[in-house]
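Me: I should like to go through the assignments in this model and the criteria behind them. Please set each value against its definition.

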Amino acid sequence: MAGLVSASLNQRSILAGILVIVCNNVFTAAAWTTTAPTSIQRSHQNYPHSSHRIRLSTTQLSYRDDEHDTLESKKKSSPPPAKDFQSRMKRMAMRRRETGKSWRPPNVQTATSLEDFANVIQEGRTKNQLVVVRFYANWCKKCQALRPSFDKVASSKPQVIFVDVPVTNTNVELHQGLGVKSVPFAHIYCPEKGLVVEEKISRRRFSEFEELLEKHSS
């Protein structure tokens, strides 16, 4: 009987000790909870950029996700712009070609007959102007390649009369009578001296012809 009483007393003392430990832990936890916001606030003041950095990175990620979704939707909804760009550039090139074919400098004339040619030469003598003649054919690729250079020189010398003489079925005698055996060919007429230059011209050697023209026009 005495043994049972001592055992129960020992159990009670153990339980009392456990209760004391639990109570101490509870009070410690409560005290930490009371002081924890102050310590956390101090640590946040010491390192103010950490939470801001986290929020910023999260915002950036969400913004990038939204931007990615927007770009993906645009790609799906809009057609590829390459074909539109190519078609637009082709239309611009066609317009330039049409404009280039129709536009000529105002001092460029066309003579298709012997009478037209004689009138132009007489105009140069009357106005005391130099006359530059280009003999060409529509089927001649070298003549077509030379035309931009001819027009460029005509634009730079408005005081000079430039004449285009095409080869047609009705004016073959004109070219033969002037000694034009091939095209492209050029003549330069001075008001006082008449014909001063007659030679075959080309795009590669057109600079030499420009030098002759500059020599007689100065």
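Me: How many disulfides are there by the distance rule?
Reply: The count comes to zero disulfides, where a disulfide is a pair of cysteine sulfur atoms within 2.5 Å. The model is predicted, so local features need pLDDT of at least 70 and side-chain atom pairs pLDDT 80 or more, whereas totals for chains, interfaces and linings use all residues. Residues are numbered from 1 along each chain as its sequence is written, and side-chain values use heavy atoms, with hydrogens and water left out.

Me: Why is Cys143 called buried?
Reply: Buried means under 20% relative accessible area, exposed over 50%, and partly exposed in between, with a 1.4 Å probe and protein chains only. Cys143 has a relative accessible area of 1%, so the residue is buried. Cys140, with 7%, is therefore buried by this criterion as well. Buried residues make up 24% of the 218 residues in the protein chain.

Me: How do you know that the span of helix α5 agrees with its number of residues?
Reply: Helices are DSSP runs of H or I with at least four residues, strands are runs of E with at least two, and both are numbered from the N terminus. The expected span is 1.5 Å times one less than the number of residues. For the 16 residues of α5 (141-156) this gives 22 Å; the end C-alpha atoms are 24 Å apart, which agrees.

Me: What makes Arg147 the site of a bend in α5?
Reply: The bend at a residue is the angle between axes fitted to the seven residues ending there and the seven starting there. At Arg147 this angle is about 35°, and Pro148 follows within four residues.

Me: Against which elements do the buried residues of α5 pack?
Reply: They pack against β1, β2, β3 and α7, contact meaning heavy atoms within 4.5 Å. Among these buried residues are Leu146, Phe150 and Val153.

Me: Why are β1 and β5 called edge strands?
Reply: Two strands pair if DSSP finds at least two bridges between them. The open sheet of five strands has the order β1-β3-β2-β4-β5, with mixed pairing. β1 (108-110) and β5 (194-200) each have a single partner strand, so one side of each is left without a neighbour in the sheet.

Me: What makes β2 and β3 a pair?
Reply: Six bridges join β2 (131-136) to β3 (161-166), and the two strands run parallel; the criterion of at least two bridges is therefore met. Within this pair, Val133 stands opposite Val163 in β3.
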